[in-house]
Amino acid sequence: MINSICWLVTRPIGVELSALGIRSAWATHQFGVDTKLVFADEGVGCLLGAPGYHTNMLTELMEQEGEVFCIRESLEKCRIGQDRILSGVQVIDADDLPDLLEDCETVNSF
Amino acid sequence: MLFFVNKADQRVLEKLKLIGGEEEKLLLLTGDAVCFAEEAWAETLEDLEVDELFAAKDAVEARKLNVSADCEILDYPQMVDLLFSGEKVVSV
Amino acid sequence: MSKCLTIMLLSGAAENEDAMFSVQLAEAALEKGHRVQIYLFGNGVNLSKKEFPIEGDLHITPMLLSHIEPTKMFERLAALVEKGADICTCHTNEHARGIESREYVNGTEWGDIGQSFCTYLLTTDVLVSVGH
């Protein structure tokens with residue numbers, strides 16, 4: 001049995017995989033699996049609050065106490081200021097991700 | 001921590017450090033990712049704290065590679081055993 | 001001891017080797033007496049539908065045909081089910097591809113991420129995501 005999982009979204013908003021990552025996180029969170037949704041690389045572009053499915057799902061996930069993170073260095077690489085991303089998303093340094101994932105039984109990168 | 005990698009994109013290797021940090025890693029290369037099993041990548045993988053390196057036999061044979069001596073070539077039953085060896089599986 | 005492997009497959013046939021790899025991995029696991037669950041997600045759902053073979057001359061060179069044919073996994077997927085694998089799809093991804101009403105490959109089943117996939121997580125020892 002897998003009780004804890006991390007979904008890592010690295011694709012931008014226009015790529016289906018980014019939506020699939022968010023949907024997977026929503027599903028496992030709702031199912032009671034300890035879930036962490038992390039955005040890295042171009043995936044951080046999904047966090048700008050653009051109207052549509054990604055933002056709606058992320059907002060609902062966080063309202064349901066889902067944990068959403070993004071990598072600070074990815075924001076910088078994509079030239080996105082931290083003040084632009086959705087409220088509730090936790091910005092973490094890349095160096096802190098391994099510790100965050102220590103208790104995740106499996107990690108899946110999209 | 002067992003990383004499962006099936007893409008030849010070098011950026012995928014960066015995920016090993018991003019996710020695994022300084023922890024020792026096992027790396028299973030399949031499909032196009034077996035290119036990283038070549039000797040030319042040995043130092044890079046060492047820098048990423050890859051402790052054990054495995055590559056899928058059929059993918060290696062289909063690509064005519066110069067596989068590093070440190071790389072263990074696995075067939076499918078062996079890959080199944082590796083996946084079930086108790087390591088946390090990270091798919092990148 | 002028998003264990004359970006779950007594969008989340010995100011690629012369809014032909015586009016890369018993911019489907020072939022996943023099927024062969026599943027075959028090996030089943031052969032060893034383990035259980036296998038496959039969740040077809042994203043383009044992976046394309047594998048779940050029965051092929052409609054064309055009749056007559058294919059107009060494909062033998063060399064190209066021999067390159068293409070091994071990548072078609074429809075029958076091998078059905079064979080996995082016969083050997084005991086549990087395979088389901090994300091029906092919403094089928095819908096997105098306009099194939100939801102098409103007949104499933106024998107044994108593969110309608111599914112969803114919220115129930116089918118999460119149920120897989122309840123009983124699996126290992127989850128591997130295979131995609132590009």
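Questions about chain B, its partners and its charges

Modeller: In this predicted model, chain B reads from its N terminus as β-α-β-α-β-α-β-α-β, an order that comes to four helices and five strands.

Colleague: What makes the radius of gyration of chain B agree with that of a compact globule?

Modeller: A compact globule with 92 residues would have a radius of gyration near 12 Å, and chain B has 12 Å, so the two agree. The C-alpha trace of chain B spans about 30 × 30 × 20 Å along its principal axes, and buried residues make up 53% of its 92 residues.

Colleague: Why is the contact of A:Glu42 with B:Arg11 called a salt bridge?

Modeller: The term asks for a side-chain nitrogen of Lys or Arg within 4 Å of a carboxyl oxygen of Asp or Glu, and the closest N and O atoms of A:Glu42 and B:Arg11 are 2.7 Å apart, so the pair qualifies. A:Glu42 lies in the loop between strand 2 and helix 2 of chain A, whereas B:Arg11 lies in helix 1 of chain B, so this salt bridge joins two chains. Both residues also belong to a network of salt bridges that includes A:Asp41 and B:Lys15.

Colleague: How do you know whether A:Glu42 and B:Arg11 are buried, exposed or partly exposed?

Modeller: Partly exposed is the class between under 20% and over 50% relative accessible area; A:Glu42 stands at 33% and therefore counts as partly exposed, and B:Arg11, with 35%, is partly exposed as well.

Colleague: Why do A:Lys36 and A:Glu67 count as a salt bridge, and what does the pair tie together?

Modeller: Their closest N and O atoms are 3.7 Å apart, which is within the 4 Å limit, so the pair counts. A:Lys36 lies in strand 2 of chain A and A:Glu67 in strand 3, so the pair ties together parts that are 31 residues apart in sequence. A:Lys36 is buried, because its relative accessible area of 10% is under 20%, whereas A:Glu67, at 30%, counts as partly exposed.

Colleague: What makes C:Glu94 and C:Lys49 buried?

Modeller: Buried means under 20%, and C:Glu94 at 0% and C:Lys49 at 1% therefore both count as buried. Their side chains meet in a salt bridge, 2.7 Å from N to O. C:Glu94 sits in helix 4 of chain C and C:Lys49 in the loop between strand 2 and helix 2, 45 residues apart.

Conventions. Residues are numbered from 1 along each chain as its sequence is written. Chains are lettered from A and ligands numbered from 1 in the order in which they are written. This is a predicted model: local features need pLDDT of at least 70, side-chain atom pairs count only at pLDDT 80 or more; totals for chains, interfaces and linings use all residues. Side-chain values use heavy atoms; hydrogens and water are left out. The radius of gyration is taken over C-alpha atoms; the globule rule is 2.2 Å times the number of residues to the power 0.38. Buried means under 20% relative accessible area, exposed over 50%, partly exposed in between (1.4 Å probe, protein chains only).
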